[in-house]
Amino acid sequence: METDPTLAERARANLAAAGRRPTVVCGDGLAGIPRHAPFDRLICTCSVQSVPYAWIEQTPAGRIVTPWGNGFFSASFAVLDVADGVAHGRFTGRPAFMWARQQRPGRGFLSDHLDAPKASETTTGINPETLYGDLDQRFAVSVGLPGGIWPLLAEADDGSDESTLWLLTDDARSWASVDYMPGHESFCVEQGGPRRLWDEVEAAHHRWALAGRPSRDRFGLTVTADGQTVWLDEPQSPYAVAASTWGTAPLAPSGA
């Protein structure tokens with residue numbers, strides 16, 4: 001299934017040239033193909049922030065595999081098994097796909113944020129390079145954030161191994177920067193705009209640390225007609241609500 005008519009026609013031609021003639025449909029992939037349902041398997045090749053419930057309805061006793069995440073971290077496959085109108089599954093892999101057009105986050109350019117007034121200067125003990133590069137850490141922080149935050153790591157080009165982790169919002173109104181210097185255990189933070197982005201990241205990081213720094217493979221996702229919930233270890237232990245707009249505040253970890 002392809003949303004772009006030109007690409008859909010090219011796919012038909014390429015498949016025919018290879019001697020294959022599967023059904024090629026031009027349309028909204030997030031709506032699925034009700035007239036061809038039910039399906040045993042549904043494989044998505046674009047990243048989504050919210051798993052459409054139409055997929056659950058059209059794969060009533062099968063498996064859904066989709067790249068999933070938000071602007072802070074989207075390099076996960078959600079592997080979901082469906083039964084009784086509910087999908088459960090865990091996260092795996094490290095995919096790199098373009099966003100579904102309907103759910104694409106709206107981050108602008110770094111230059112769009114530089115005129116925002118500076119609100120504060122503080123320090124943090126969280127290593128920004130480790131946060132950005134460690135899959136488990138960045139995933140856990142991403143699902144604990146209210147949403148709309150993008151990270152951007154800018155490395156110095158002077159051979160110093162220094163870098164700056166920028167946090168930007170979809171609305172280009174808030175920003176934060178954290179400066180990394182090798183050998184240091186405390187890092188300078190600046191943030192401006194109506195949201196204190198690094199405070200939000202620190203709070204999500206603290207929740208992950210309190211939970212015992214679990215690895216990503218201990219997290220899972222449940223999708224129902226009412227929305228999405230990220231859980232830790234088992235569906236009965238919710239970790240965060242993943243709203244369709246990524247604007248819902250996260251739940252506290254179970255037992256916290």
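The following dialogue examines how several labels are justified in this predicted model.

Student: Why is the contact of Arg196 with Asp199 called a salt bridge?

Tutor: The closest N and O atoms of Arg196 and Asp199 are 2.5 Å apart. The cut-off is 4 Å between a side-chain nitrogen of Lys or Arg and a carboxyl oxygen of Asp or Glu, so the label applies.

Student: What makes Arg196 and Asp199 partly exposed?

Tutor: Arg196 has a relative accessible area of 36%, and Asp199 has 30%. Buried means under 20% and exposed means over 50%, so both values belong to the class in between.

Student: How do you know that Asp4 and Arg101 form a salt bridge?

Tutor: Their side chains meet at 3.8 Å, N to O, and the limit is 4 Å, so the pair counts. The pair links distant parts of the chain, 97 residues apart: Asp4 lies in the segment before α1, and Arg101 in the loop between β4 (86-92) and β5 (118-124).

Student: Why is Asp4 called partly exposed rather than buried?

Tutor: Asp4 has 21% relative accessibility. Buried requires a value under 20%, therefore Asp4 is classed as partly exposed.

Student: What makes the link of Arg195 with Glu200 a salt bridge?

Tutor: The closest N and O atoms of Arg195 and Glu200 are 2.6 Å apart, and the rule asks for a distance within 4 Å, so the link qualifies. By this rule the count comes to six salt bridges.

Student: Why is Arg138 said to have no salt bridge?

Tutor: The nearest side chain of opposite charge, Asp134, is 9.8 Å away from Arg138. A salt bridge must be within 4 Å, so Asp134 does not qualify. Arg138 is nevertheless buried.

Student: What does the side chain of Arg138 reach, and how do you know that this is a polar contact?

Tutor: The side chain of Arg138 reaches the backbone oxygen of Tyr132 at 3.1 Å. The limit for such a contact is 3.5 Å, so the distance meets it.

Student: What makes α4 mostly covered?

Tutor: Eight of the nine residues of α4 are buried, among them Arg138, Phe139 and Ser142.

Student: How do you know that a cavity is counted, and which element gives the most to its lining?

Tutor: The rule counts one cavity of 30 Å³ or more. The largest cavity has a volume of about 40 Å³, and the closest residues to its centre are Trp68, Gly69, Phe73, Phe139 and Ser142. The most comes from α4, with three residues. The lining has five nonpolar, five polar and no charged residues.

Notes:
Residues are numbered from 1 along each chain as its sequence is written. This is a predicted model: local features need pLDDT of at least 70, side-chain atom pairs count only at pLDDT 80 or more; totals for chains, interfaces and linings use all residues. Side-chain values use heavy atoms; hydrogens and water are left out. Buried means under 20% relative accessible area, exposed over 50%, partly exposed in between (1.4 Å probe, protein chains only). Lys and Arg count as positive and Asp and Glu as negative; His and the chain ends are not counted. A polar contact is a pair of N or O atoms within 3.5 Å; within protein, one must be able to donate a hydrogen and the other to accept it, and residues adjacent in sequence count only if both atoms are side-chain atoms. On a 1 Å grid over the protein atoms alone, a cavity is a set of points where a 1.4 Å probe fits but cannot get out, and a pocket is an open set with protein on both sides within 12 Å along at least five of seven lines; lining residues have an atom within 4 Å of a point. Grid points are joined across faces, edges and corners, and a volume is the space filled by probe spheres set on the points. Helices (H or I, at least four residues) and strands (E, at least two) are DSSP runs, numbered from the N terminus. Ala, Val, Leu, Ile, Met, Phe, Trp, Tyr, Cys and Pro count as nonpolar, Asp, Glu, Lys and Arg as charged, and the others, Gly among them, as polar.
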